[in-house]
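Look at the fold below before reading on. The paragraphs after it go from the whole chain to its sheet and then to its helices.

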Amino acid sequence: MDALHRPLLDRSPALLAEGYAWLPNRMRESGGQVVRTRLMGRPALAVRGPDAVRFFYDERHVRRHRAIPEPVRGTLFGRGAVHTLDGDAHRVRKALFLPLLHVDRIAGVVEHVTAAWDEAVPSWAARPRVTLFDAASVVLTRGVCRWAGIPLAEEEAEPLARDLVAMVDGFATAGPRHWRARRARGRQEARLARLVQDVRSGAVTAPADSVLARVARHRHPDGEPLEPGTAAVELLNVVRPTVAVCWFVAFSAHALHRRPEHRDRLRAGDAAYAAAFAHEVRRFYPFAPFLGGRAVTDLSWHGERLPAGGLVLLDVYGQNHDEKLWGDPYVFRPQRFLERPVERDELIPQGGGEPDTNHRCPGEGITVGLLEALAVRLARLDHTVPEQDLTISLRRIPARPRSGFVIADVQAPA
Ligand code: HEM
């Protein structure tokens, strides 16, 4: 009996044991771009490739309602978040995010975050060692809160950064990291729900057109304002993933350390190269392992069937490392993005399809903009990299360099 036609056991333990390699390993065994499996007690079909992306994002096939498990909603996204909605409810909620994260707002967030970075560098120079992952999370927290109009006292930045990181760090584990994530979410949702109420009552003035002001006045399709808790969830859905760019900052440092030849073009401020570098960091390093939705009807993909109610899994990590698409997927090579235009549904670290009409991440432009600017600053930062454990375990979701990437001997610019 081959691997495909064996009775299918629930693979949740395999996911925990193999992490990012779980679906790519099954795909390799099946020799194709589709695999039948089971997850969380349900039949599942894992798919990859640009055609599969279009299949996955078609709401006639796949919907999100009841697809995202409670442990993920309770930590990463929040209850009632845009990620969990379908159809009209999704369209109306997504319309809150699109203008806020529109391409002409990218420069604003980049400006605030790079200013926060420049302010932080002298304090790094005063310390013997700095863990870049943590330091970048605080820089991003300061920058995004200023941009979003969220008041933040100086001493609140570190605890808030810790909570925002915890929400991302704990979504895919059952251990203490998970409980830390739930406590962090509870704390920050309560704080931001109070802030939204204060903005609505006039006790706090939100800068006109800021993320805070827009979220506070957003309404459900029936015209009712968002409940303060839901507004807090959506505020966090802007702030938390922006701070999560610290994962990519640590990965960028890892790439520059392992492949120092990339440093010069970044240091010189080569904008096209900085964009290619940002895309390669997002492609090469592991972040979202896969995305899941629920089959609306009986489905079939490349001859494999899935009954209605089963799970469709889009193999994000596998697609970003698919030899058919990338040729040499396990080589870190930013040049690949300068050699040919990459199609919309090929590179999917932040989802596929159209951000305006489906669930693709609306923060992709901001992520790339931040990464370009911070990779250049990192390449120009005078520092050393002491001996440390830089391994990135693919069994830990989300992955990161084990040491958090420690830097030393930072020189403040004259
Ligand atoms: C959705 C990844 C940064 C806001 C998503 C999705 C992924 C993702 C995988 C789900 C796509 C899907 O369900 O089909 C990332 C990564 C980021 C990042 C890896 C960088 C660390 C951002 C930023 C923002 C943002 C900077 C906002 C400022 C959102 C929102 C959604 C989303 C609101 C929900 C979209 C929807 O359901 O329609 N992101 N993202 N993300 N992201 Fe991001």
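What follows describes a predicted model.

Start with the chain as a whole. Its secondary structure comes to 18 helices and 9 strands. The radius of gyration is 21 Å, close to the 22 Å that the globule rule gives for 414 residues, so the chain is as compact as a globular protein of that length. Along the principal axes, the C-alpha trace spans about 65 × 55 × 40 Å.

Next, find the sheet. Strands of a sheet pair through backbone hydrogen bonds, and the pairing can be parallel or antiparallel. Here 5 strands form an open sheet with mixed pairing, in the order β1-β2-β8-β5-β3. Why do β1 and β3 each have one side without a neighbour in the sheet? Strands β1 (34-39) and β3 (62-63) stand at the edges and have a single partner strand each, so one side of each is left free of a neighbour there. Within the sheet, β5 (residues 291-295) and β8 (residues 311-314) pair in the antiparallel sense, over 4 bridges. To place this pair, look for L291, which stands opposite L314 in β8.

One helix can be located from the sheet. Helix α2 (residues 22-30) lies across β1, β2 (42-47) and β8, and runs at about 130° to β1.

Now turn to helices that pack on other helices. Two packed helices are described by the angle between their axes and by the distance between those axes. Helix α12 (residues 245-258) appears in both of the pairs described here.

In one pair, α12 packs with helix α18 (residues 364-380) at an angle of about 40°, the axes being 10 Å apart. The two helices are therefore oblique to each other, since an angle between 35 and 65 degrees falls in that class. The crossing of α12 and α18 is right-handed. On the α12 side the contact includes V245, F248 and L256, while the residues of α18 include L370, L374 and L378. By class, the residues of this contact between α12 and α18 are 11 nonpolar, 2 polar and no charged.

In the other pair, the axes of helix α7 (residues 132-148) and α12 come within 8 Å and cross at roughly 140°. That angle makes α7 oblique to α12. The crossing of α7 and α12 is right-handed. L132, F133, A136, S137 and L140 of α7 meet V245, C246, V249, A250 and A253 of α12. The contact of α7 with α12 divides into 9 nonpolar, 1 polar and no charged residues.

Note on methods. Residues numbered from 1 in each chain as written. Predicted model: local features only at pLDDT ≥ 70, side-chain atom pairs only at ≥ 80, totals over all residues. Pairing = 2+ DSSP bridges. Contact = placed C-beta atoms within 7 Å. Axes fitted to C-alpha atoms, helices over the stretch in contact; angles between N-to-C directions. Parallel < 35°, antiparallel > 145°, perpendicular 65-115°, else oblique. Left-handed = near helix turned anticlockwise from the far one by under 90°. Nonpolar A, V, L, I, M, F, W, Y, C, P; charged D, E, K, R; others polar. Rg over C-alpha atoms; globule rule 2.2 N^0.38 Å.
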